[in-house]
Structures are given as C-alpha cells and as structure tokens.
Amino acid sequence: MQTLNPASEPQRRFAMRPTPPQLARAWNELRDRNPRTGLREAASQLGSSEGEIVAARCTGPGGPVFRLRRDWNSLLTELNAAAPLRLRTRNRHAGLARRVTTLPTLRDLYADLGQWHEALVIREEDNDPGRPQSRVCIFAPDGTPVLTLERTPHGDAAAWERVLRRLAAVDQRPGMTVTISTAPGTRPDTAVDCEDLRDAWDLSRHPDTIHELSACFQCTPEQTLRLAGPERAWPVGQEALDTVLMYAAEDALGLRIELANQGVRQQYSGPVTRLAPTRTSFNILDPDFSLNIRRESIAGTWVFRRPASSGARHGLALFAPDGETIIRITDASPAGHPEDPRWRALLGLFDPLPAAPRPGALLAKPRFAMMTRSADVAQQVEQSTRNR
C-alpha cells in the first residue's frame with residue numbers, strides 16, 4: 001500500500017497542530033468567505049489534515065458531524081439498503097468515483113484495515129447542488145481520506161440515516177489523534193536481485209503481480225517495472241493516456257481502471273464515454289463513473305506485459321515522481337478469458353522510449369504526436385490488428 005513520503009509537503013505542515021475549537025472556528029471562517037472551499041484546500045491553508053478538520057466539528061448524531069464505530073463489515077453491508085451510492089477514492093494525484101448498487105466487500109477493496117482509523121459522517125449545512133448532502137468519510141491514521149461513501153439523490157435517505165445512527169460511536173468528543181506514517185524503505189537498483197524478480201514475474205499468474213513483487217523486493221512499483229526488463233515493461237510517452245482513453249471511448253472498448261491509496265484499491269470496469277481533457281488535468285465525467293488525474297503529477301508512463309492463464313495481459317501504468325502508482329489501466333476481459341485484441345493492438349502502437357525516464361525527467365519525443373481525433377488511432381489499431 002502507498003504511504004506518504006516523510007519528506008513531502010503534507011507531512012511538514014503537521015509540525016504545529018491547532019486545537020479542535022481553533023480548527024472549527026477557522027473552518028467556519030473559511031466557509032463564510034468562500035462556501036465552496038473543500039476539505040483538501042482547507043487542510044492546506046490551515047496547516048492540518050482533512051480528518052482533523054472534520055473531527056473538530058464532531059458533536060453527535062444530531063449535529064453536522066458524528067463518529068461511527070469501527071465496524072467496517074457492518075458499515076459496508078448495511079448501507080446497501082440505501083443504494084445506489086457513490087464510492088469515492090483518491091490519492092495525492094488522482095481521484096476516482098463510481099456509482100454502485102452494491103457496495104464492495106473489504107476483500108474487493110483490498111482493504112488495509114491498519115489504515116482505516118476513523119469514520120465520520122458529514123452532513124453539509126448548505127444547499128449547494130454540486131456537493132453531496134450526506135457522506136461517510138473514512139480517514140487514515142494521518143488524517144488523509146481513504147474512502148468516501150456518498151448518498152445519492154436516488155438512494156433511500158431514510159435507510160441511510162437509520163443505518164448510520166445505529167452505527168454511531170459512543171465517544172463523540174471533537175478532535176482526532178493523528179500519527180504520521182513513514183514510507184517503507186526502498187532499495188537501490190543494485191541491491192535488488194533482478195534475476196529473482198524476473199523469475200517471480202514470469203511464474204506469477206496473479207493480477208496483482210506488480211504490487212506483490214514491489215512489496216517482496218522492497219521496490220517502488222515503477223522501479224519494479226524498470227527492473228523487470230524491456231520484454232516485460234517499457235516506458236512510453238505521456239500522450240499514451242489521452243490516446244488510449246480517446247480510442248477506448250470511440251470504440252466502446254471495456255477498460256479496468258484502478259486507483260489505490262494507502263488503505264484501499266478501487267476498480268472500475270466498463271466503457272468510458274465523456275472525456276474532458278484540459279491542459280492541467282485529464283477527466284472522465286460519465287454519469288456512473290468519474291476520474292480526475294493531475295497532469296503535473298505524471299512523471300512516468302509505462303506499458304507492461306504480465307503472464308496469465310489465458311495468455312499474456314497488457315496494461316498502462318502512470319507513476320508519480322516518487323515512483324508510486326497514480327492509476328493503472330488494463331483490458332476489462334474477465335479472468336480466464338483472452339485479452340481483447342483491440343486493446344493489445346492499441347498498446348502496441350507506442351514505441352518504447354530510448355531509456356527509462358527518471359522521476360521528474362522530461363520524456364523523450366514520442367513516435368507520433370498526441371492524437372486529436374480517436375478515429376486516427378482507430379485506423380492505426382485496425383491496420384495493426386490486420387498485420388498480426
């Protein structure tokens with residue numbers, strides 16, 4: 001699981017924490033000046049964590065914020081009565097949300113319960129239609145959000161309130177005690193047995209090969225791909241993200257998009273349609289699925305090939321400057337079924353860069369410029385498929 005880098009800005013700002021009453025007053029002042037101020041922005045301005053800001057306003061089930069018991073199985077099971085819900089996950093570089101009629105289990109979320117520290121119900125006191133009026137935020141020990149469950153307009157509001165009141169904690173005192181985790185140490189390339197890593201890669205048939213090997217060999221995920229060798233993974237230009245998603249939207253190609261943080265991994269499987277790329281971000285705004293990626297966070301883009309019982313599976317992975325994964329995109333074909341040949345042909349369009357980019361380095365010029373029309377990509381994919 002990903003953890004915060006001890007040298008990162010979010011950790012430095014925690015040196016002096018304000019008290020819960022101070023935080024509550026400061027939050028109210030911020031919202032008075034700008035009612036659309038979000039928790040992430042407020043945490044940056046107030047020198048605190050998002051969890052501390054929310055917990056500072058905790059007063060009990062009758063107030064705007066109240067605490068839930070740490071009964072995670074009951075929470076995910078009983079809130080199904082209020083479906084449909086929106087499930088939101090983000091890391092420091094991207095955010096993913098999807099509408100669900102059945103909440104995933106802890107196992108489906110690859111939940112690291114050591115990172116599930118506090119669950120707080122937030123009821124917004126304004127009438128902003130763009131803001132969910134009631135949601136449950138689960139925070140990590142360092143106060144960063146791990147998972148958010150939002151009530152939707154079409155959900156059962158009475159069931160939502162009934163379940164959350166039943167799961168309310170006894171202790172409703174304001175405030176949250178936070179602890180700052182340090183990232184697990186990674187080894188330099190020279191300390192990693194690359195032959196063992198490659199053998200383990202070739203023998204694995206598990207979809208989480210990259211995560212497993214990164215933990216086993218104490219590497220970052222990007223380091224794992226780099227050391228796996230060019231026949232297993234290779235860096236490509238940053239335009240690959242736009243090109244892949246534009247083609248997938250045009251041709252209704254099913255994708256599996258995964259975003260992880262220190263506490264969960266959430267996956268969306270299906271087509272994408274409403275793409276909204278900008279100069280600073282890439283966005284998908286579908287009714288049942290949304291994705292936001294900060295372009296400035298992308299320091300490396302890789303294509304990888306891993307073995308599977310049904311044949312080789314390919315994927316696209318985006319990495320942050322610290323080598324941690326931003327998102328991972330693969331074909332949506334179920335386990336045990338062959339990979340969609342259109343997906344394999346699409347990823348085959350991208351030539352490997354001359355050398356693996358170092359974090360923060362400029363990427364080499366790709367073989368072709370970013371596609372402005374997905375039809376251009378479709379023509380190349382069709383030609384590539386015929387040639388194979």
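Here are some questions and answers about this predicted model.

Me: Before we start, what pLDDT do local features need here?
Reply: Residues are numbered from 1 along each chain as its sequence is written, and side-chain values use heavy atoms, with hydrogens and water left out. This is a predicted model in which totals for chains, interfaces and linings use all residues, side-chain atom pairs count only at pLDDT 80 or more, and local features need pLDDT of at least 70.

Me: Good to know! How many salt bridges does the structure hold?
Reply: A salt bridge here is a side-chain nitrogen of Lys or Arg within 4 Å of a carboxyl oxygen of Asp or Glu. In general, side chains of opposite charge can pair when their charged atoms come close. In this structure, the number of salt bridges is 23.

Me: Let's take Arg166, which forms a salt bridge with Glu78; how far apart are the closest N and O atoms?
Reply: Arg166 sits in helix H6 (residues 157–166) and Glu78 in helix H5 (residues 72–78), so the pair links distant parts of the chain, 88 residues apart; helices (H or I, at least four residues) and strands (E, at least two) are DSSP runs, numbered from the N terminus. Between Arg166 and Glu78, the closest N and O atoms are apart by 2.3 Å.

Me: Is Arg166 buried, exposed or partly exposed?
Reply: Buried means under 20% relative accessible area, exposed over 50%, and partly exposed in between (1.4 Å probe, protein chains only). Its partner Glu78, at 26% relative accessibility, counts as partly exposed. Because Arg166 has 44% relative accessibility, it counts as partly exposed.

Me: How many residues apart in sequence are the parts that Asp208 and Arg328 tie together?
Reply: The side chains of Asp208 and Arg328 meet in a salt bridge of 3.6 Å, N to O. Asp208 lies in the loop between H7 and helix H8 (209–216), while Arg328 is in strand E14 (residues 325–331), so the pair ties together parts whose separation in sequence, in residues, is 120.

Me: Are Asp208 and Arg328 buried or exposed?
Reply: This pair also belongs to a network in which salt bridges that share partners join Asp208, Glu258, Arg265 and Arg328. As for cover, Asp208 and Arg328 are both buried.

Me: Which residue forms a salt bridge with Glu231?
Reply: Glu231 is partly exposed, with a relative accessible area of 43%. The partner counts as buried because Arg232 has 10% relative accessibility. With the closest N and O atoms 2.5 Å apart, the residue that pairs with Glu231 is Arg232.

Me: Which residue has a side chain joined to that of Gln262 by a polar contact?
Reply: Gln262 lies in the loop between strand E8 (255–260) and strand E9 (265–270), and it counts as buried because its relative accessibility is 10%. A polar contact is a pair of N or O atoms within 3.5 Å; within protein, one must be able to donate a hydrogen and the other to accept it, and residues adjacent in sequence count only if both atoms are side-chain atoms. At 2.7 Å, the side chain in contact with that of Gln262 belongs to Thr144.

Me: And which backbone nitrogen lies 3.2 Å from a polar atom of the Asp331 side chain?
Reply: Asp331 is found in strand E14 and counts as buried, because its relative accessibility is 3%. Its side chain has a polar contact of 2.5 Å with the side chain of Ser333. The backbone nitrogen at 3.2 Å from a polar atom of that Asp331 side chain is the one of Asp340.

Me: Now the backbone: which residues does a cis peptide bond join?
Reply: One of the two lies in the loop between H5 and strand E2 (85–90), namely Pro84. Omega is about 5 degrees for the cis peptide bond that joins Ala83 and Pro84.

Me: What is phi of Ala252 near?
Reply: Ala252 is found in the loop between helix H10 (239–250) and E8, and it counts as exposed because its relative accessibility is 54%. Phi is positive in this residue other than glycine, with a value near 55 degrees.

Me: Last one: how far apart in space are Val236 and Thr301, C-alpha to C-alpha?
Reply: Val236 lies in strand E7 (residues 233–236) and is buried, with a relative accessible area of 0%. In sequence, Val236 and Thr301 are 65 residues apart, yet in space their C-alpha to C-alpha distance is 5.7 Å.
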